[in-house]
Structure formats: C-alpha cells, structure tokens
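Colleague: Hey, I'm new to this one. Could you walk me through the salt bridges and pockets?

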Amino acid sequence: MTNKNLPQQILAKLEQVLPKEQRPLALHEPRFRGNEWNYVKETIDSGWVSSVGKFVDRIESDLAKFTESKFAIACVNGTAALHMCLKIAGVDTKDEVLLPTLTFVATANAIAYCGAIPHFVDSESKTLGVNAEKLDAYLAQISELRANECINRTTGRRIRALVVMHTFGHPVDLDAIAEICQKYRIVLVEDAAESLGTYYKGRHVGNHGLVSALSFNGNKIVTSGGGGAILTNDPQLAKLAKHITTTAKKSHAWKYEHDYIGFNYRMPNINAALGCAQLEELPAFLRSKRNLAEKYLSAFANFPGAKILREPEFAKSNYWLNALILDKPDFHLRDEILKCAHEAKILARPAWELLHSLDIYRDCPAMDCTEADRLRNSIINLPSSAFIDE
Ligand SMILES: *Cc1c(COP(=O)(O)O)cnc(C)c1O
C-alpha cells in the first residue's frame, strides 16, 4: 500500500533543508559573484566579442587544466560539441550509435545530425546511467564482429559508438563500460554535459573515452550563457575538432579555402569571457553543492518511501542536480509530490521522458528498457543551485 501522506512528509523534509525566504526556488540558477562583469565588459571595450579572442584561448587552456585533458576545444553549445565528438569519432550516415534512453534529447539529436541511427539502451539505478552488464549481454546476443567492426545482425548496420551520459553529475562505471567497448570494437564517447567537476576513480570524467562533450548552458554547474567544449587526449583529433568547428578554413592570410563542409561552431569571445569568470568560481560551486547534497542526504536518511541518490563508491560527483528516488515508482504519486512542492513554490522537476518513447525516435532500435522506465517514474529533481542554503 502506498502512503497517502508521502507528499506532505516529503515537503516537510524539503522545508527542513531549503530557506523559506527564497521562493519560488528554481531547480538551478546561475550565480555571478566573481569577475563575470569585468571580463564581459573587457570584450565589449576591446571590440573582441566574436569568434576569436583571448578568452576563447584562455577557456580552452583552463578547461584542459581543470579536467586534466590534453585538449579542450570551445564550442557554441554542448549539443554542437557532442555533434562534433561523433563526427571526429568517425560516425557515418547509417551507422548505429548506442545511448541511454534516459537522457536529455540532445544526446540523441547529435547522433541524428550525423545521419546515424540512435540505438537505445537501459540504465541502472546505482548511477542512473548505462547498465554495463545488461549492455554486454545484449551485444553478445544482437551483434557480431565482421572485419573488426561491430555489426547489428538484425539491421546489418555498423554499431560505431556508444555515448554514455553522467546523469545529474554521477558518473557511470567507466572501467566496465570501456571494457565492453574494447570487446565489441565500439568507440566510447562521454556526454559529460552535466558533469564538470566529477571524478571517476580519481580521474576527471571526459578522459575515459576517445572524445567527450561539456555544456555551459545557463542551467549547468558553470555557464557561459551558451557554450560547450570538446575534450580529447588525442592531438590529431583535437586539431580536426578545431578545424571543422571553424568552417574548415585552411590557414592563409587572406584566401578563403575550405577543405571540408565545416561548421560555424566556435564559442564567441564574449561567452568565453563569462565562462572564464565562472570557472574561477567552480571550486566554490562544488563545495557548496556537496554541502547541500549532504543536507538533503541527512534529511532523507532512513526516510520510508524515498531516498536521495548518493554518489557511487567509485565516484566523486559534482552533485549538479540532487535527485530524490521514490521506492515505489508511480506516476500519480510522483505528480502528487511535484504538485505539493510547487504549491510551496519549490520548483522540483521530474526526469525526462524516455527518448525511445518520443515520436521522433519511436522507430529506432531499442533494447528492453524496464529499469529506465522504472527510474523515470521514480526520479524527482530538487532545487540544487549553489549557495541556495546560505
Ligand atoms: C545540457 C545537456 C546537453 C546539451 O547542452 P547544450 O549546451 O544545452 O546544447 C547535452 N546532453 C545533456 C545530458 C545535457 O544535460
């Protein structure tokens, strides 16, 4: 039997953690307390607001340093960065690319932009990301190696890549997943849009596959207004990434020669200026988010009916968004809780609809996604902005 008072009991716990004075409380808001205004003003004063400038160079070196990736290439947004990751990973028209069905739609869209076919896989409750064991068993059943390539035996198409996503800043089990990719000759790409500041076994995420994408959208842990970045440790791929994101123009003092149908995906300097100032604040954001997560965790410790998702034992998560997980996944209950929170002006949110259930992706291949479906009905994201409780 479900507990009828669960929504009120959950609200009481939220009220313990969240300040009364700040309402409505959004899910995630940016914070500008550092050099944001100074740096943005500097780009306007100097005239260097567009696609080249010192802040673009600086954000790339700051990101490489912070993530301990050899190279970072700044882009207009995270979706564009992910699109470019797939391009340089060699994803071609008619290839299949594996991805979790429980993710933001951009992960699948970037695959579709390549003319490739998204192939949806299930998630696990521990990380909310790709379930490695289930993926291994599935690939053993549906694929075979031909000329060192992974072929889907049903469709005859090549399975070129797997995109994993570190949900709300909690990393997937990257070692287990990298091993599967090795075994089936599939390229590993990380959608690290939500996980700047997240470590897997002591190493920053985004370093475990061939290429990775970050996002600096307004709702992410740091923002450049709009923006993203490609991370890689491969110098050749880094060079290619920079080339195809700048319209593939050959270097020359005045000639317009292009050797590939490139993209105008470079991050403008004015956005990079904002991003650089935000990166200076990242350590403080991370401390504040961990602090808030601990408050949520202790408020819901031993609470019957729901729990806060804790970082997996192999991880140090950025706790970008806190997630409350209901024990008994039930639409009505979840929506009742959301309604109750909204009435108190606490703007909690459900998880995404499963991508393979959207009309635009309904005809794409998908494995059994029972666990993702259960999770979708049990996840409630809680207000998680930095300094919310201070
Ligand atoms: C935010 C996000 C993106 C896309 O980033 P944009 O900068 O908004 O284009 C991609 N994937 C995931 C999982 C995200 O959360």
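**Salt bridges and pockets**

Modeller: Sure: the structure holds 28 salt bridges, a salt bridge being a side-chain nitrogen of Lys or Arg within 4 Å of a carboxyl oxygen of Asp or Glu. Mind that this is a predicted model, where local features need pLDDT of at least 70, side-chain atom pairs count only at pLDDT 80 or more, and totals for chains, interfaces and linings use all residues. Residues are numbered from 1 along each chain as its sequence is written, and side-chain values use heavy atoms, with hydrogens and water left out.

Colleague: What does Lys126 pair with?

Modeller: Lys126 makes a salt bridge with Glu313, with 3.2 Å between the closest N and O atoms. The two sit 187 residues apart: Lys126 is in the loop between β3 (117-121) and α6 (132-142), and Glu313 is in the loop between β12 (306-308) and β13 (315-316). Those helices (H or I, at least four residues) and strands (E, at least two) are DSSP runs, numbered from the N terminus.

Colleague: Is Glu313 buried or exposed?

Modeller: Glu313 counts as exposed because its relative accessibility is 65%. The cut-offs are under 20% relative accessible area for buried, over 50% for exposed, and partly exposed in between (1.4 Å probe, protein chains only). Lys126, at 38%, is partly exposed.

Colleague: And which residue does Asp368 meet?

Modeller: The side chain of Asp368 meets that of Lys134 in a salt bridge, 2.8 Å from N to O. Asp368 lies in the loop between β15 and α11 (370-378) and Lys134 in helix α6, so this pair ties together parts 234 residues apart in sequence.

Colleague: OK, pockets. What volume does the largest pocket have?

Modeller: About 490 Å³. A pocket here is an open set of points on a 1 Å grid over the protein atoms alone, where a 1.4 Å probe fits, with protein on both sides within 12 Å along at least five of seven lines; lining residues have an atom within 4 Å of a point. The volume is the space filled by probe spheres set on the points, which are joined across faces, edges and corners.

Colleague: How many residues line the largest pocket?

Modeller: There are 28, with Phe104, Glu194, Asn219, Lys220 and Trp320 nearest its centre. Helix α4 gives the largest share of that lining, 3 residues.

Colleague: What about the second largest pocket?

Modeller: That one has a volume of about 180 Å³. Its lining includes Gly197, Tyr199 and Pro283, and helix α9 (residues 269-299) gives the most, with 4 residues.
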